[in-house]
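Q: I am new to this structure. Please take a close look at one part, the salt bridges, and then relate that part to its surroundings.

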Amino acid sequence: PSRRSLLTVGGAGLALGAAAGAGAVTALRTGDETAPVADSGAAVPFHGRHQAGIAGAVQDRLHFAAFDVKTEDRGELVELLKEWTAAAALLTAGHAVGEGAFGGLAEAPPDDTGEALGLKPSRLTLTFGVGPSLFDGRFGLKSKRPKALVDLPKFPGDNLDPARSGGDLCVQACADDPQVAVHAIRNLARIGFGKVAVRWSQLGFGKTSSTTPEAQTPRNMMGFKDGTRNIAGTDTANLAKHVWVSEKDGPAWMTDGSYLVARRIRMNIETWDRTSLKEQEDIFGRTKGEGAPYGKKHERDEPNLKAMPEVAHVRLAHPDSNGGAMMLRRGYSFTDGTDGLGRLDAGLFFLAYQRDVRDAFIPVQQNLAANDVLNEYIQHVGSAVFAIPPGVADKGSWWGRELFT
Ligand code: HEM
């Protein structure tokens, strides 16, 4: 058997352990699929109306990858998406891809790269998206481009690196174990060899947003609690209003999907670290210790925007300052070593899901880019926008089927 066996094996779901010689190996990563997802070792269901990795509890680690499509053959791209979907169903359930790490012919490279053997599913989610450039005519998709999938405008202060921006496709891998997230992206890239190539990718840690209000709010690299006021995964009313694309929004293939904005935001950490506590707090309009909005005692108290400086980040980002605009933030911190000048290359890899970027990220970022005092300490250096199709509802379906058929 060769790599091709992926399709048949994936199609058969988890019957993979039956393959000769693969059983013992794959069993090592078999998790209890019925365990609650709050257990950091558990498996998150892959199939569903919406893709996982959006409204679900945020995992600790991220590996995000944007891909360029290299093949110009639509059929080949569709085949790849089917293979990816089958692999994603296996990976998120805690299995190896193909016939297991040591399946296949001894003379050929193993189907799975192997570094996740013995590790738990770790709440791995794989979320798939398509960028504006996929609709450029190569695949006959021009007329299917959603109106909401706009190219983001240039915002004041943007210093975007094209090599860290854009992409025809994306896969967001979130897991509680970084090795599980990296393994997933690596194996998807490997399956796609010759048809797609990684354009850029980003590792993240220390989730900077929370979709589970009962959990302790994580802190970003500036030391502030981040994600206090976010759309919770249980807040079905706001998810329907601000995150999921509805049938009447169109196009039909996007129903139950969402739109993702990714921004690599570098922080001038050394300058920030020399800034007084008072100034740091004024910049956000919240206290650093408790995370309480100015004029209030507790983190979760309703912010009184008038008690904050006019140029405070929280005041400017709040829905009341942006005609009610809201998005679901799901970003991560990053530290990619130092930059050659001895400065930490660190910041926030901002990820936000929304029903329409024209009513959410764009107006809010226009307001922030023009007025936010935080801009003295940050710079947007990478940017991408993706349409996130609905979930793969059943085992016979695949990522993007609604778009291609
Ligand atoms: C709130 C940090 C960039 C949108 C906050 C809070 C912090 C924070 C500490 C308060 C806690 C909370 O409610 O989550 C940062 C940092 C950024 C950054 C360090 C850049 C490095 C952005 C960007 C956007 C954004 C680019 C969107 C365009 C928001 C929103 C809120 C918020 C919507 C909640 C406001 C509210 O409803 O009270 N951010 N943020 N942030 N931020 Fe940011």
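**Salt bridges and their surroundings**

A: The side chains of R138 and D136 form a salt bridge, with 3.1 Å from N to O. The model is a predicted one, and the distances below are computed from it. R138 has a relative accessible area of 27% and is partly exposed. Its partner D136 is partly exposed as well, at 41% relative accessibility. Both values fall between the limits of 20% and 50%, which is why neither residue is called buried or exposed.

The count of salt bridges in the model comes to 22. One of them joins the side chains of D68 and R199, at 3.4 Å from N to O. This pair connects distant parts of the chain, since D68 belongs to strand β1 (residues 61-69) and R199 to strand β4 (residues 196-204), 131 residues apart. The two partners fall in separate accessibility classes: D68 counts as buried at 18% relative accessibility, whereas R199 counts as partly exposed at 34%. The cut-off for buried is under 20%, so D68 falls on the buried side of it.

Another salt bridge stays within a single helix. The side chains of E79 and K82 meet at 3.9 Å, N to O. Both residues lie in helix α3 (residues 74-92), with their positions three residues apart in the count, or about one turn of the helix. E79 is partly exposed at 31% relative accessibility, and K82 is partly exposed at 28%.

Salt bridges can also join up beyond a pair. R264, R266, D336, D339, R343 and D345 are linked in a network of them.

Other charged side chains take part in polar contacts with the backbone. D168, in the loop between β2 and β3, is an example. Its side chain reaches the backbone nitrogen of V69 at 2.8 Å. D168 counts as buried because its relative accessibility is 5%, under the 20% limit. D177 is another aspartate with a backbone partner: it caps the N-terminal end of helix α4, with a side-chain oxygen 2.9 Å from the backbone nitrogen of Q179.

Helix α4 covers residues 178-191, 14 residues in number, and spans 20 Å from the first C-alpha to the last, close to the expected 20 Å. Its buried residues are V180, A181, H183, A184, I185, N187, L188 and I191.

The loop that holds D168 also holds G140, as G140 is found between β2 (125-130) and β3 (169-175). The two residues are not alike in accessibility: D168 is buried at 5%, and G140 is exposed at 56%. The C-alpha atom of G140 is 51 Å from that of M308, and 168 residues separate the two along the chain.

Some loop residues have backbone angles that can be pointed out. R123, in the loop between α3 and β2, is not a glycine but has a positive phi, near 55°. R123 counts as buried, with 8% relative accessibility. D256 is in the loop between α5 and β5, and its phi is also positive, about 75°, although D256 is not a glycine. At 17% relative accessibility D256 is buried. P251 lies in the loop between α5 (236-242) and β5 (258-267), and the peptide bond from G250 to P251 is cis, with omega near -15°.

The ligand is the remaining part to place. It is surrounded by 28 residues, and the closest are G227, T228, R229, H313 and R329. The ligand's iron atom has a single donor from the protein, NE2 of H313, at a distance of 2.1 Å. H313 is located in helix α8 (residues 313-317). A side-chain N or O atom of H313 is also 2.9 Å from a nitrogen atom of the ligand. Backbone atoms make contacts too: a polar backbone atom of G227 is 2.6 Å from a ligand oxygen, and one of T228 is 3.0 Å from a ligand oxygen.

UniProt, in an unreviewed entry, lists residues 217-392 as "domain: Dyp-type peroxidase C-terminal". In the model this span is 20% helix and 23% strand, and its end C-alpha atoms lie 31 Å apart.

Notes: Residues numbered from 1 in each chain as written. Predicted model: local features only at pLDDT ≥ 70, side-chain atom pairs only at ≥ 80, totals over all residues. Heavy atoms only, no water. Donors = N, O, S within 2.8 Å, 3.2 Å for Na, K, Ca; no water. Helix = DSSP H or I, 4+ residues; strand = E, 2+ residues; numbered from the N terminus. Salt bridge = Lys/Arg side-chain N within 4 Å of Asp/Glu carboxyl O. Buried < 20%, exposed > 50% of the residue type's maximum accessible area, 1.4 Å probe, protein only. Expected span 1.5 Å × (residues − 1). Polar contact = N/O pair within 3.5 Å; in protein donor to acceptor, adjacent residues only side chain to side chain. Near = heavy atom within 4 Å. UniProt positions renumbered as here; feature names shortened; annotations may be inferred.
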